[in-house]
Structure formats: structure tokens, C-alpha cells
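Trainee: I would like to go through the reasoning behind the labels used for this model.
Mentor: Then ask about them one by one, with the structure in view.

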Amino acid sequence: MNTEAIDTFAGAKKPIIVAGPCSAESEEQVMTVATELAAAGVTLFRAGIWKPRTRPGCFEGIGPEGLQWLARVKKELNMPVATEVATAAHVEAALSAGIDLLWVGARTTTNPFAVQELADALRGVDIPVLVKNPVNPDLELWIGAFERLNNNGVTRLGAIHRGFSSYGEKVFRNSPQWQIPLELKNRLPHLPIICDPSHIAGKRELVMPLSQQALDLNLDGLMVEVHCNPSCALSDARQQLTPAELVAMLDKLVHRSSAGDTSYIAHHRSCLDSIDDELIRLLARRMEIVRQIGEIKKDKGLTVFQPFRYKETMERCAALSITHKLDVEAVKDIFEAIHSESIRQQLCIVNDDK
Ligand code: PEP
Ligand code: MN
């Protein structure tokens, strides 16, 4: 996929700010929010017309009638408008209403048939399309959606990072797993990526810190859910901000430069390079010993995985992390990766001459 010179947000000021209600609910709600956001200098107005709800019986969007409210925002407030599309019929209706930008929702991105249907409906249409990450942390599936659209001639593409769903108790509604959008940036360097802190957060108190993190990670903008009366919203009531809260947040966000002078940190970076070299040498030594143990396990008929030893290693590392004021969870992730590579090496040895 050729991603050079993507001008999805041609001419727009960075960071791109897309804001508006989760769902368009009434003409009055749409016009009230949009009027305040236009005055706040928001780049694009968003509102969901068709809502993919987890359980039936919830508000599933106002439907095509709402497109006319967005058309009013565009005409009267001179503000470009965006909505989510999930089927070819949605695309057709949105295009005839003059919607300026379309986005593919997280649930849709998980389904290649649905993405292909959208790509086919968009063949030959010059409109910017943003693709939210799939609900599961699968970078290939996300990239596949861009490829399907791009293969059909959609060139003005962009990504929306809205976090990944997981089961059980959690701080975030959708875990940010920032390494995935950052890897997307490595794979498709010219693709703009904006962050949707609202769907990551799930609650309004976390929207500001997540927005700051997104900017600190050099993402290109934000998509924020804003409602004139959030607690009465028909969808995602907990995570929407009022227009005034959005304005206050935009005011407080700190903008850092990625293109500034890095000479101040050159020395520190060369120290880090030496440490990384040392880590690699240590890993190579560790793996050498792991292989020697593998030979002995094979010889003595011992299993490769020994739960007691694994538990002991992880506990020892956790205790050491505390002594060295390191984040226990982060160290645990690193040692799980090291342990799983060690097991892989030993499995190769014990199965070598079979
Ligand atoms: C939305 O933006 O309102 C929405 C439904 O988001 P997602 O696809 O990220 O769940
Ligand atoms: Mn929403």
C-alpha cells in the first residue's frame, strides 16, 4: 500500500480535533453542541447516526433523519461533518447528504466482509475515511482494512486509536496498548493517526490524561465525544464532556515538539545505546545457559516447563523490581517474554533428534 503524501486532513491545523456527541439525538442537541464547538475552533464535527450497540434494546441511532441535521451544521456553521458507516447503504446515504468524512467503527474493522463492502461502496469516491482499530488487538486486521480501502482507490485515509477490549475489572473501558498504534506508525509512516480518548477512557475523568498521552506520543489529533448534557446522553453517557469541558481541556493540553533540537539528549541516548548493547549480550549469555539446561533436561528426561521454578523466578524478579523502584507489572511483562523465549529454545533442544 502506497501511503506517501496522504492529505487526509489537507490544510487543517494540527492537532486535528474531531468532536461531537456519541450519537446525534435531536436537531436541537446537534445544533447546540455544534455551535459551541465551531466557536471553539474544532476541526470537524462528529455524530453517530447508526450506532452499533453491544446489546439489543439500546438506542441504535436516529438513522438517516440525523444526516439532515449534520448537513445543517455544515451549511450554517461552515464546519465539516463526520459520521460512522458500517454498510454500503450507510455510505450511500452519508454521501448523498454531503457528509465530509466517514469513519469505520471498531466493531466493523474486525469484520473483513463488512470492510470490503464499504470499500466497494467507496470505489471511485474521493472522501477521507478514518478507520478505528479493531476491538481486538490485531494490527494486521487494522492494516488489512486500510489495504481493502486503498485497493479500491480510497487514498485519503487515517487511523483512529480507540483502545482494545478485554474481559474483567479494568481501569480503562478499552485498554490503550499504545505500542499498537506506535507500531502502525512504523509500518505506515505517512498515515495520520488520531486518538479517541473517550472510548479508551469510558469515563470523563480519564479523557484529559489520555489526550495528553496521545499528544506526547506524537499522534496527529483527537476525536472526543462531547454532549450538551452528558449524563442524559442516549449512548456513552459516562464518557462524554460538555463543550465547556472540552474547551478547558484543549486549553490545558501541553503541545510538545517532535522536530525540536535533540542535541541536549544526544549524550543520554548514547548511554542508552551502550546499555541496550549490554542487555543483548546478557540475553545471549542467558540463552546459552538455557540451552545447556535444555540438554540436561533432555538427558535426564525432565519436562521443559517446571511451574515451581517459573513461579520462583517471577517472584524473585518482582521483589527485585520493588528494591530498584521499577514498575512490577512492566518487569513481569519483560520476564514473561524472556521466559517464553527460553522455553522455546529448550523445546527445540528436547525435540531435536525426533
Ligand atoms: C463511536 O465513536 O461512537 C463508536 C461507536 O466508537 P467505536 O467504534 O470506537 O466503539
Ligand atoms: Mn460512543
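**Metal site and ligand shell**

Mentor: Along the sequence of this predicted model, the donor residues of the manganese ion (ligand 2) follow the spacing C-x176-H-x25-E-x10-D.

Trainee: What makes C22, H199, E225 and D236 donors of the manganese ion?
Mentor: Their atoms SG, NE2, OE and OD, respectively, lie 2.0 to 2.4 Å from the ion. The cut-off for N, O and S atoms is 2.8 Å for this metal, so these atoms count as donors.

Trainee: Why can C22 and E225 be said to tie together separate parts of the chain?
Mentor: C22 sits in the loop between strand 1 (16–20) and helix 1 (27–39), while E225 belongs to strand 8 (residues 221–225), so the pair joins parts that are 203 residues apart in sequence. Both C22 and E225 are buried, which means that each has under 20% relative accessible area.

Trainee: Which residues are around ligand 1?
Mentor: Among them are C22, H199 and E225, along with R107, K132 and R162. By class, the shell has three nonpolar, two polar and seven charged residues.

Trainee: How do you know that R162 makes a polar contact with ligand 1?
Mentor: An N or O atom in the R162 side chain is 2.6 Å from an oxygen atom of ligand 1. The limit is 3.5 Å, so the pair qualifies. The corresponding distance to an oxygen atom of ligand 1 is 2.8 Å for K132 and 2.9 Å for R107.

Trainee: How much of ligand 1 does the protein bury?
Mentor: Taken alone, ligand 1 exposes 290 Å², and the protein buries 97% of that.

Key
Residues numbered from 1 in each chain as written. Chains lettered and ligands numbered in written order. Predicted model: local features only at pLDDT ≥ 70, side-chain atom pairs only at ≥ 80, totals over all residues. Heavy atoms only, no water. Near = heavy atom within 4 Å. Polar contact = N/O pair within 3.5 Å; in protein donor to acceptor, adjacent residues only side chain to side chain. Areas by Shrake-Rupley, 256 points an atom, 1.4 Å probe, with all protein chains shown as cover. Nonpolar A, V, L, I, M, F, W, Y, C, P; charged D, E, K, R; others polar. Donors = N, O, S within 2.8 Å, 3.2 Å for Na, K, Ca; no water. Helix = DSSP H or I, 4+ residues; strand = E, 2+ residues; numbered from the N terminus. Buried < 20%, exposed > 50% of the residue type's maximum accessible area, 1.4 Å probe, protein only.
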